[in-house]
Amino acid sequence: MRHVETHPGSRGRRGPRTLRGRDRGALLAVSAAAVLSLTASGCVVVHGEREVLPSATRAEAAKALEQFTAAYNKADAAYDGSLDAEHTTGALGAIDAARLKAGKANNPGGNPQHTPLVLSDVTYTIPKKAGWPRWFVADAKSNKGGSARWVLVFTRDDLSEPWQAAYLTLVAPGALPEFSEDADGWARDVPADAPELAVPPRDMSKEYATYLKSGGDTFKDGAYTTTLRTTRAKNSTKPGLVQQYIDESLTDGDFAPLALRTADGGALVFFSTHHYVKQTAAAGASVPAPNQSVRALTTGEIKQSLTMEFVANGIALDPATVGGKVTVLSRLEGLTGAKGE
């Protein structure tokens, strides 16, 4: 009989919702090793951090999505972030927490426009890998967001922890690539430092932030690259107002990138980025009045400037060609804070 012994991964589990204080996760206690089964002498001990195993069964993945959806609906109806805090983390957790905080400030009694989220026609892509984090992708039809499909990435760092949704992006039906799978249908995880790709997954956030600032040849033209840079350039200077952009990589803890091998040898990379937009009014002018959600998340008094903070999660097609161009398939950005001065 087989005795499976698992150990926590090396990633420090961050608080599921917070963006600032990135070292706080190091202070959290890591659970003791979980024992799946006990038996008599003669057992073979397999260490979970070394054994190549599917990240989850398909039944476990379906259960995780079900639990997330139920928690998400409760939190959205009440505008109460504590109700789904255990089921979100990373970029999605930061965006969702801020959204619920703003909603509560503006509607203390709850969400008057709440409509329960319904996810259907779900496809699960589960990588077989060693070590932590274990993770999988759920691609689902949704009753929100029009025809776009919801693509969620769930992660966990230990068997004692719940599955948490770390990434959420919206993609057009059929936009995701075909994934490489083994004979049993398990997907293949791509190491963060994979050298054969145009951009190693660990560098995707940094490269994208650099591109937004300076341009370059790393990314193909598209809505989230050339078009976004053009829109920013148009908005940067208006009569009486200067708008500045600061873009940063975001790769620590549960914001770390994750990647799946595609059938053509490339990778689909999930990554996060951190952004600031600062509006500064000229003397005698004023910053445009922010909407209710921005005001609810603003500290300080808006006199001459307003700095808004955003977190974004994206999906990129990373070709297996050094020097090739990366395609950003989707990007979802959310306001997480603001400061008036």
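# Two helices and some odd backbone angles

Me: Phe68, Tyr72, Ala75, Asp76 and Ala78 in helix 1 meet which residues in helix 2?
Reply: Contact means heavy atoms within 4.5 Å. Helices (H or I, at least four residues) and strands (E, at least two) are DSSP runs, numbered from the N terminus. By that rule, the partners in helix 2 are Leu92, Asp96, Arg99, Leu100 and Lys104.

Me: How do the residues of this contact divide into nonpolar, polar and charged?
Reply: Ala, Val, Leu, Ile, Met, Phe, Trp, Tyr, Cys and Pro count as nonpolar; Asp, Glu, Lys and Arg count as charged; the others, Gly among them, are polar. For helix 1 with helix 2, the division is six nonpolar, no polar and four charged.

Me: What kind of model is this, and how are its residues numbered?
Reply: Local features need pLDDT of at least 70, side-chain atom pairs count only at pLDDT 80 or more, and totals for chains, interfaces and linings use all residues, while side-chain values use heavy atoms, leaving out hydrogens and water. The model is predicted, and its residues are numbered from 1 along each chain as its sequence is written.

Me: Are helix 1 and helix 2 roughly parallel or roughly antiparallel?
Reply: Axes are lines fitted to C-alpha atoms, for helices over the stretch in contact, with angles from 0 to 180 degrees between N-to-C directions. Under 35 degrees counts as roughly parallel, over 145 as roughly antiparallel, 65 to 115 as roughly perpendicular, and the rest as oblique. These two axes come within 9 Å and cross at roughly 30°. The helices are therefore roughly parallel.

Me: How far apart are the end C-alpha atoms of helix 1?
Reply: Expected span is 1.5 Å times one less than the number of residues. Helix 1 has 21 residues (58-78), so it should span 30 Å. The model agrees, with its end C-alpha atoms at a separation of 31 Å.

Me: Which elements help cover the buried residues of helix 1?
Reply: Buried means under 20% relative accessible area, exposed over 50%, partly exposed in between (1.4 Å probe, protein chains only). The buried residues of helix 1 include Ala61, Leu65 and Phe68. Their cover includes helix 2, strand 4, strand 6, strand 7 and strand 8.

Me: Is tyrosine 79 buried or exposed?
Reply: Tyrosine 79 sits in the loop between helix 1 and helix 2. Its phi is positive, about 50°, although it is not a glycine. Its relative accessibility is 14%, so tyrosine 79 counts as buried.

Me: Is aspartate 121 buried or exposed?
Reply: Aspartate 121 belongs to strand 4. Its phi is also positive, near 50°. Because its relative accessibility is 54%, aspartate 121 counts as exposed.

Me: How far does the backbone oxygen of aspartate 121 lie from a polar atom of the side chain of arginine 149?
Reply: Arginine 149 lies in strand 7. At 12% relative accessibility, arginine 149 counts as buried. Its contacts beyond four places in sequence include Asp121 and Asp139. From the backbone oxygen of aspartate 121 to that side-chain atom, the distance is 2.7 Å.

Me: Is the peptide bond from tryptophan 132 to proline 133 cis or trans?
Reply: Proline 133 is in the loop between strand 5 and strand 6. Omega for the bond from tryptophan 132 is near 5°. The bond is cis.

Me: How far apart in space are leucine 306 and valine 294, C-alpha to C-alpha?
Reply: Leucine 306 lies in strand 15. Its relative accessible area is 1%, so leucine 306 is buried. It touches Val294, among others. The two are twelve residues apart in sequence, and their C-alpha separation is 9.9 Å.

Conventions:
A polar contact is a pair of N or O atoms within 3.5 Å; within protein, one must be able to donate a hydrogen and the other to accept it, and residues adjacent in sequence count only if both atoms are side-chain atoms.
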